[in-house]
Amino acid sequence: MNRLLVLGAGTAGTMMANKLARRLDPAQWEVTVVDRDDAHVYQPGLLFVPFGTYTPESLVRSRRAYVLPPARYVDASVEAVDPVARSVRLVGGESLAYDVLIVATGSHVHPERTPGLTGEGWYETAFDFYTLAGASALALALESFDGGRLVVHFADLPIKCPVAPLEFAFLAEAHLRARGLRDKSEIVYATPLSGPFTKPVASAALAELFAARGIQVEPDFAVESVDGAARSMRSYDGRSVDYDLLVTVPLHGGASALLSSGLTDEDGWVRVDKHTLRSVVYPEVWAIGDATDVPTSKAGSVAHFESEVLTENIVRAVRGRDPLPDFDGHANCFVETGDGKAILIDFNYETEPLPGAFPLPGVGPFSLLAETHRNHWGKLAFRWMYWNVLLAGDELPIDHRMLMAGKRRAA
């Protein structure tokens with residue numbers, strides 16, 4: 001019996017297990033998924049917890065329930081990976097051998113890596129919203145916030161969902177306005193980038209929206225430390241940003257269990273060919289989603305598009321054929337802008353976000369680089385698609401490649 005082992009039962013790992021359990025002959029292949037607990041969190045929903053749209057409990061379901069037979073689920077933590085022996089050691093001593101390994105261990109937040117951040121004031125005046133605990137604590141803090149300086153910040157790229165801190169700033173502005181506190185509040189967006197986003201076209205559009213809403217941008221702010229007692233962040237160039245309430249996205253890294261495996265870079269991201277998703281070191285190892293070092297967004301849409309390519313490439317590989325270099329870095333993201341509206345951006349390794357209609361040319365129903373109510377409802381509706389279609393590995397009517405049909409190039 002051949003053994004396909006998936007590390008991680010989040011979005012990417014669950015999709016891959018379900019897709020490949022259908023594509024590979026169950027008489028010849030055993031598909032096993034390993035994760036540290038049985039709590040699958042709908043991470044896009046964390047953004048909405050501080051504003052009362054979702055409760056933390058509504059975002060969590062059983063990992064095991066979404067790993068469909070004949071794939072099997074193992075509830076255990078990974079201690080180490082030995083790609084030479086083709087073996088994964090679990091905490092407790094058990095080892096799992098594999099013929100094909102898929103690494104889908106995701107991205108992990110590390111607030112402790114920024115000096116002072118988790119000291120005085122952590123979860124009192126400084127919060128993250130990338131964890132259930134952080135988003136829940138921040139909800140209480142926003143409820144009692146009666147004005148002052150709100151700073152939204154992210155430490156450095158890569159982070160999960162790079163548009164999420166932008167979205168938080170927009171939603172916070174609308175939230176304070178609705179509570180009659182906008183005139184008593186200052187909102188600052190502190191970023192290590194030179195503008196709101198990495199892609200210049202989208203960055204310019206988002207900068208205009210920030211300006212219209214009176215959100216200040218503090219660019220090129222590479223945080224060195226946080227002084228919780230003084231409520232101040234300091235950058236490496238000596239600048240300081242003071243706050244009454246800090247909402248930060250901490251530094252991210254890959255799974256620590258992979259660091260000694262030889263599969264990753266120094267930050268724990270699995271080094272893969274960015275078009276095939278195969279390890280550049282061990283050909284029987286593949287990676288997907290946030291766990292990889294591919295130069296595109298760490299977002300659920302990327303994991304979905306990658307899963308289409310990776311499924312075909314693993315099927316080809318086990319049949320003795322070369323993988324196809326079909327992943328183009330495709331990503332699309334709904335960006336909440338407040339007041340029940342959102343922008344949709346669609347891009348890949350080579351192409352900037354462009355205006356137009358998505359996914360159907362001339363029809364949509366969603367508008368690219370435009371702020372609409374329909375885009376907002378599309379983002380909220382995705383939660384149903386996630387639990388009922390995406391995780392099962394079923395097909396969605398969106399091509400894994402970025403298509404130019406329906407898009408308009410800027411002059």
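Which residue's side chain does Asp346 join through a polar contact of 3.4 Å? The side chain of Asn332 is the partner; the legends below start from this site. The model is predicted, so local features need pLDDT of at least 70, side-chain atom pairs count only at pLDDT 80 or more, and totals for chains, interfaces and linings use all residues. Residues are numbered from 1 along each chain as its sequence is written, and side-chain values use heavy atoms, with hydrogens and water left out.

**View 1. Asp346 and its polar contacts.** Asp346 lies in strand β22 (residues 341–347); helices (H or I, at least four residues) and strands (E, at least two) are DSSP runs, numbered from the N terminus. Asp346 counts as buried because its relative accessibility is 1% (buried means under 20% relative accessible area, exposed over 50%, partly exposed in between; 1.4 Å probe, protein chains only). Its side chain makes a polar contact of 2.7 Å with the side chain of His330, besides the 3.4 Å contact with Asn332. A polar contact is a pair of N or O atoms within 3.5 Å; within protein, one must be able to donate a hydrogen and the other to accept it, and residues adjacent in sequence count only if both atoms are side-chain atoms.

**View 2. Helix α7 and its kink.** Helix α7 (residues 373–390) has 18 residues and spans 23 Å from first to last C-alpha, close to the 26 Å expected at 1.5 Å a residue; the expected span is 1.5 Å times one less than the number of residues. A kink of about 35° is centred on Trp384, where the bend at a residue is the angle between axes fitted to the seven residues ending there and the seven starting there. At the start of α7, a side-chain oxygen of Thr372 comes to within 3.0 Å of the backbone nitrogen of Asn375. Buried residues of α7 include His376, Leu380 and Trp387.

**View 3. Two residues with positive phi.** Most residues other than glycine have a negative phi, and most peptide bonds are trans. Leu277, in the loop between β19 (251–253) and β20 (285–287), has a positive phi of about 75°. Leu277 is buried, with a relative accessible area of 0%. Leu369, in the loop between β24 (364–368) and α7, has a phi near 55°. At 23% relative accessibility, Leu369 counts as partly exposed.

**View 4. Two cis peptide bonds.** The bond from Pro69 to Pro70 is cis, with omega near 10°, and Pro70 sits in the loop between α2 (63–66) and β5 (72–75). The bond from Leu157 to Pro158 is also cis, with omega near 5°. Pro158 belongs to the loop between β12 (148–154) and α4.

**View 5. The largest cavity.** The largest cavity holds about 40 Å³ of space. On a 1 Å grid over the protein atoms alone, a cavity is a set of points where a 1.4 Å probe fits but cannot get out, and lining residues have an atom within 4 Å of a point. Grid points are joined across faces, edges and corners, and a volume is the space filled by probe spheres set on the points. Among the lining residues are Gly289, Asp290, Lys298 and Glu306.

Technical notes. On a 1 Å grid over the protein atoms alone, a cavity is a set of points where a 1.4 Å probe fits but cannot get out, and a pocket is an open set with protein on both sides within 12 Å along at least five of seven lines; lining residues have an atom within 4 Å of a point.
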